[in-house]
Amino acid sequence: MRVATTWQPMNVMRTEWRINEIFHSLQGEGYHTGTAAVFVRFSGCNLRCDFCDTRHESGTMMGTDDIIAGVNQYPSAPLLVLTGGEPSLVIDDELIALLKHATGKTITIETNGTRPLPPGIDWITLSPKAGLPGGDLYPVVLQHCDELKVVYVGQDLSQYDHIEARYRFLQPCFVGDEVRYQRNISDTVAAVMREPRWRLSLQTHRILNIR
């Protein structure tokens, strides 16, 4: 883990961001499952997936110093996860550079891939929503990522063949209907067994009942 340097306020083009929440937990999904992380959840999304459980428009306007102070409450966590909503709608290279300088953490992002990303992000988790209800409003433009994490409801996996990823994960789509959710789990397990280049990702934070 990089050691955070003493933070001195710096001027950036954007002065405030709408933040849904900042919290400390374990990464529950994908490659970094089980790793302590600080999550910065940005408000707002350009998609309207019917299974999403985030209130996109709620949040508090926060300046850079406030965001950094919120993250630095948890100095032992090695990961900083930028999530949403869709963080690529609002982040820029200046914010990424400031977060790196001020926190010393590995900067990761969870994105739907419909917008380009600024440089400086250490780990890109691409979770495209194409083929899901409400997820086709904009095309996926990202073609490279560290991990490709697909929320699975039985869609054709060949549509992701062109995306270059170091790791590929299928994650059963969580829904409130237990019968439907169990079917999603069974279908995802079967798909991973058929397609061994994919690995199973579970929402372990739901299993553990943590954030």
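Let's start with a word I'll use a lot: buried means under 20% relative accessible area, while exposed means over 50% and partly exposed is in between, using a 1.4 Å probe and protein chains only. One more bit of vocabulary: helices (H or I, at least four residues) and strands (E, at least two) are DSSP runs, numbered from the N terminus.

Quick housekeeping. This is a predicted model, so local features need pLDDT of at least 70 and side-chain atom pairs count only at pLDDT 80 or more, whereas totals for chains, interfaces and linings use all residues. Residues are numbered from 1 along each chain as its sequence is written, and side-chain values use heavy atoms, with hydrogens and water left out.

Okay, the sheet. Which order do the strands come in? It goes E3-E1-E2-E4-E5-E6-E7-E8-E9, which is 9 strands in an open sheet with mixed pairing. When I say two strands pair, I mean that DSSP finds at least two bridges between them. In general, strands of a sheet pair through backbone hydrogen bonds, either parallel or antiparallel. The edge strands here are E3 (60–63) and E9, and each pairs on one side only.

Now to E5, residues 106–111. Because 5 of its 6 residues are buried, E5 is largely enclosed by the rest of the structure. Thr106 sits in this strand, and at 29% relative accessibility Thr106 counts as partly exposed. Next to E5 in the pairing is E4, residues 79–83, and the two run parallel over 4 bridges. Leu80 is the residue opposite Ile107 of E5. Here's one I like: Thr106 and Leu79 are 27 residues apart along the chain, yet their C-alpha atoms are separated by 5.0 Å.

Let's move along to E7. Is E7 mostly covered or mostly open? Mostly covered: 8 of its 9 residues are buried. With E6 (residues 123–126), E7 pairs in the parallel sense over 2 bridges, and Leu126 has Leu148 as its bridge partner in E7. With E8, E7 again runs parallel, joined by 8 bridges; one opposite pair there is His144 and Glu164 of E8. Then E8 and E9, also parallel, are joined by 2 bridges, and Phe169 has Arg199 as its bridge partner in E9.

Let me hop back to E2, residues 36–42, where you'll find Arg41. You might expect an arginine to poke outwards, but check the number: at 16% relative accessibility, Arg41 counts as buried. A polar atom of the Arg41 side chain lies 2.5 Å from the backbone oxygen of Gly84.On to the helices, beginning with H1, residues 64–71, whose buried residues are Thr64, Ile67, Ile68, Gly70 and Val71. They cover an arc (taken from the directions from the helix axis to the C-beta atoms) of only 160 degrees, which puts them on the same side of H1. What do these buried residues pack against? Their partners are E1 (16–26), E2, E3, E4 and helix H2 (93–103), where contact means heavy atoms within 4.5 Å.

H3 is the other helix I want to show you. Running over residues 178–194, H3 has 17 residues and reaches 24 Å from its first C-alpha to its last, close to the 24 Å expected at 1.5 Å a residue. That expected span is 1.5 Å times one less than the number of residues. Which residues of H3 are buried? They are Tyr181, Asn184, Thr188, Ala191 and Val192. Looking down the axis of H3, you'd see these within an arc of 95 degrees, so they line one face of the helix. On the face turned away from that buried side, H3 carries the exposed residues Val179, Met193 and Arg194. The buried residues of H3 pack against E7 (144–152), E8 (164–172) and E9 (199–200).

At the start of H3, a side-chain oxygen of Asp177 comes to within 3.0 Å of the backbone nitrogen of Val179. For polar contacts, the rule is a pair of N or O atoms within 3.5 Å; within protein, one must be able to donate a hydrogen and the other to accept it, and residues adjacent in sequence count only if both atoms are side-chain atoms.

Last stop, the cysteines. How many disulfides does the structure hold? It holds 0, with a disulfide being a pair of cysteine sulfur atoms within 2.5 Å. Take Cys49: the closest cysteine sulfur is in Cys45, 6.4 Å away, and that's too far for a bond. Cys145 is in no disulfide either, and its nearest cysteine sulfur, that of Cys49, is 17 Å away. Cys49 is buried, with a relative accessible area of 14%, and Cys145 counts as buried at 10% relative accessibility.
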